[in-house]
Amino acid sequence: AEYDLVVRGGEVATGFGTTRCDIGIKGGRIVALAENLADGAQVLEAGGLLVLPGGIDSHCHIEEPSRGGYVGTAGDVPVTVNEESFVTASTSAFAGGTTSVVCFVPQWKGEGILPRIADYEQRAAKGMLDYSFHQIITDPTEDVLQREVPQIVAKGIRSLKVFLTYEPLHLSDEEYLKVLVTARKNGCLVTVHCENYAAIKWRTEALLAAGLTAPKYHAWSRPPVVEREATHRAIALAELVDQPIQVFHVSCAEAAEEIARAQHRGLKVWGETCPQYLTLTAADMDRPGFGGAAFMCSPSPRTTEEHARVWEMIRRGTLDVVTSDHCGFSMGGEDGKAVSGRDAPFRDIPNGIPGLAARLPILFSEGVSKGRITLDEFVRLTATNPARLMGLAPRKGMIAVGADADLALWDPKKQVTLTNALMQHAIDYTPYEGMQVTGWPVATVRRGAVVMRDGKVQAEPGTGQFLARGPYDYIRPRGVLENGFDAAPMP
Ligand code: URP
Ligand code: ZN
Ligand code: ZN
Ligand code: ZN
């Protein structure tokens with residue numbers, strides 16, 4: 001046959017409206033978009049369905065070694081590996097219509113980055129998802145910046161991730177500046193977790209001293225102002241260096257407004273948000289005992305009023321990428337949320353929630369089905385924009401001739417009640433249990449292989465491909481320099 005696979009008769013979402021046509025796939029790529037294509041070796045009937053580009057989730061923590069998860073405490077916490085493996089994450093992603101991820105290689109203070117990367121490359125290669133890496137920098141020594149970063153860039157890793165909070169991870173302004181300079185010299189994007197470390201530490205100590213230790217006080221320890229301040233500072237220092245950045249997981253309008261102001265000044269600053277900042281609230285953490293830990297992530301979920309404001313910042317285009325920030329810790333067992341015990345103060349409970357499979361259904365249902373965004377906006381937020389910003393386009397993120405055949409066949413009318421079983425991940429709960437959604441993926445195609453059908457995932461472990469990234473226009477510095485003096489010259 002001329003094609004390995006033909007997807008027949010769907011409403012194909014191009015990002016510029018939908019068009020009813022067939023998709024001809026050969027060698028893992030889209031080779032034809034036309035009406036009435038000849039049959040392929042395999043045919044997938046898509047009548048009555050939307051055909052979307054497979055989701056790109058550019059912020060996922062998978063099989064990530066960490067010290068007690070993302071917590072506020074320093075010290076000698078034992079090393080554990082995030083229980084979501086690349087195999088379980090791939091299964092979960094395919095169940096939810098996602099086909100590629102960008103995940104994180106850790107660095108710990110006192111260590112270089114190259115030793116971890118070798119280990120992580122081996123882990124990632126065992127999955128079925130296509131993947132790329134962000135390199136976390138927590139200890140920007142001269143050796144890391146001068147010798148190691150150029151080596152990871154040569155491997156095709158084009159984003160450095162920094163934290164402005166978390167006890168064991170945060171950078172000082174001086175260290176953050178050094179990372180910005182290194183990124184500029186090497187042609188990398190910098191992605192930033194924006195919350196003020198000292199402010200959270202001070203609030204946390206005051207709360208704990210007052211005996212306010214329950215999970216709900218997590219939100220009290222980090223109100224929007226700490227996020228707004230760090231967002232402003234992250235942008236200002238990036239402007240000084242002339243280095244493009246993406247602000248991760250924006251939870252509130254006042255942080256998003258800092259991004260909007262920067263964009264209006266012409267800076268290369270982008271903002272990401274996540275479904276939890278459109279659906280969960282601080283009140284979810286207010287339950288008896290340990291239960292609130294299930295909703296604990298950073299920045300904290302806010303209020304329903306804030307959800308409306310975040311939607312508005314999505315509609316304006318200020319926030320142009322929606323990822324899951326999937327970072328699952330089970331509620332049961334000893335290595336998950338309860339790593340410091342079920343009576344632990346909020347400070348010692350790992351931050352993060354699972355959401356890889358729920359991302360597309362929630363955004364589609366809350367966004368497209370409820371009329372808040374268009375289908376085109378959905379496609380851009382979940383696939384096209386993350387692919388472009390991460391340097392994966394045009395191979396990923398759109399349905400076009402020559403692109404990888406990564407597709408989600410979507411039933412826009414199907415009503416589903418979210419359950420943990422439907423997530424098909426390794427975590428023992430979903431924070432979205434019981435949520436009603438309209439719209440659901442009924443099949444997922446990764447590079448031409450049908451990897452999910454009616455919820456059944458079938459893919460061979462080890463078939464995921466590493467997506468090496470070269471230099472790309474999106475993250476090229478603007479070349480706008482104070483006094484014309486280039487303090488961080490590119491080679
Ligand atoms: O709470 C969160 N978001 N945990 C994952 C790590 C991070 O900050 O992105
Ligand atoms: Zn973060
Ligand atoms: Zn400001
Ligand atoms: Zn994260």
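**Entry 1: after helix α5**

I started at Gly-211, just after α5, where phi is positive at about 80 degrees. The model is predicted, and I keep that in mind throughout. Then I looked at the helix itself. α5 covers residues 197–209, 13 residues in all. From its first C-alpha to its last I get 18 Å, close to the 18 Å expected at 1.5 Å a residue.

**Entry 2: positive phi outside glycine**

Next I looked up residues other than glycine with positive phi. Asn-36 has a phi of about 55 degrees. I found Asn-36 in the loop between β3 (29–34) and β4 (42–45). Glu-63 has a phi near 45 degrees. Its loop runs between β6 (55–60) and β7 (65–67).

Is Asn-36 buried or exposed? I count 8 other C-beta atoms within 10 Å, so Asn-36 is exposed. Glu-63 has 22 C-beta neighbours inside 10 Å and therefore counts as buried, the cut-off being 20 or more.

**Entry 3: cis peptide bonds**

I noted a cis bond from Ser-298 to Pro-299, with omega near -10 degrees. Pro-299 sits in the loop between α9 (276–279) and α10 (304–315). Another cis bond joins Ala-393 and Pro-394, with omega about 5 degrees. Pro-394 belongs to the loop between α12 (375–389) and β16 (407–417).

**Entry 4: around ligand 1**

Ser-298 came up again here, as one of the residues surrounding ligand 1. With it I listed His-61, Tyr-70, His-193, His-249, Cys-297, Asp-325, Cys-327, Asn-351 and Gly-352. How does this shell divide into nonpolar, polar and charged residues? I have three nonpolar, six polar and one charged.

**Entry 5: nonpolar cores**

The largest nonpolar core has 129 residues. Val-51, Val-162, Val-190 and Val-310 have the most contacts inside it. Apart from that core lies another, of 16 residues. Tyr-70, Phe-295, Cys-297 and Ile-349 are among them. Two of these names, Tyr-70 and Cys-297, I had already written down around ligand 1.

I then followed Val-190. Beyond four places in sequence, its contacts include Leu-160, Val-162, Val-179 and Leu-180. Ala-183, Ala-238, Gln-243 and Ile-245 are in contact with Val-190 too. As background, nonpolar side chains tend to be buried together in soluble globular proteins.

**Entry 6: strand β14**

Why is β14 (residues 269–273) largely enclosed by the rest of the structure? Five of its five residues are buried, so I call it enclosed. Val-269, Gly-271 and Thr-273 point one way. Trp-270 and Glu-272 point the other way. In a regular strand the side chains alternate between the two faces of the sheet.

For a partner I found β13 (residues 245–247), which runs parallel to β14 and is joined to it by three bridges. Gln-246 has Trp-270 in β14 as its bridge partner.

**Entry 7: Tyr-432 and Thr-438**

Tyr-432 is in the loop between α13 (420–423) and β17 (436–446). It has 25 C-beta neighbours inside 10 Å, so I count Tyr-432 as buried. Leaving out residues up to four places away, Tyr-432 touches Ala-358, Ile-362 and Leu-418. From Tyr-432 to Thr-18, 414 residues apart along the chain, the C-alpha separation is 30 Å.

Thr-438 lies in β17 itself. With 17 C-beta neighbours inside 10 Å, Thr-438 counts as partly exposed. Among residues over four places away in sequence, Thr-438 touches Ser-365, Ser-369, Lys-413 and Gln-415. Thr-231 is 207 residues from Thr-438 in sequence and 34 Å from it in space, C-alpha to C-alpha.

Notes. Residues numbered from 1 in each chain as written. Chains lettered and ligands numbered in written order. Predicted model: local features only at pLDDT ≥ 70, side-chain atom pairs only at ≥ 80, totals over all residues. Near = placed C-beta within 6 Å. Nonpolar A, V, L, I, M, F, W, Y, C, P; charged D, E, K, R; others polar. Core = buried A, V, L, I, M, F, W, Y, C linked by C-beta atoms within 7 Å. Buried ≥ 20, exposed ≤ 12 C-beta atoms within 10 Å, placed from the backbone. Contact = placed C-beta atoms within 7 Å. Helix = DSSP H or I, 4+ residues; strand = E, 2+ residues; numbered from the N terminus. Expected span 1.5 Å × (residues − 1). Pairing = 2+ DSSP bridges.
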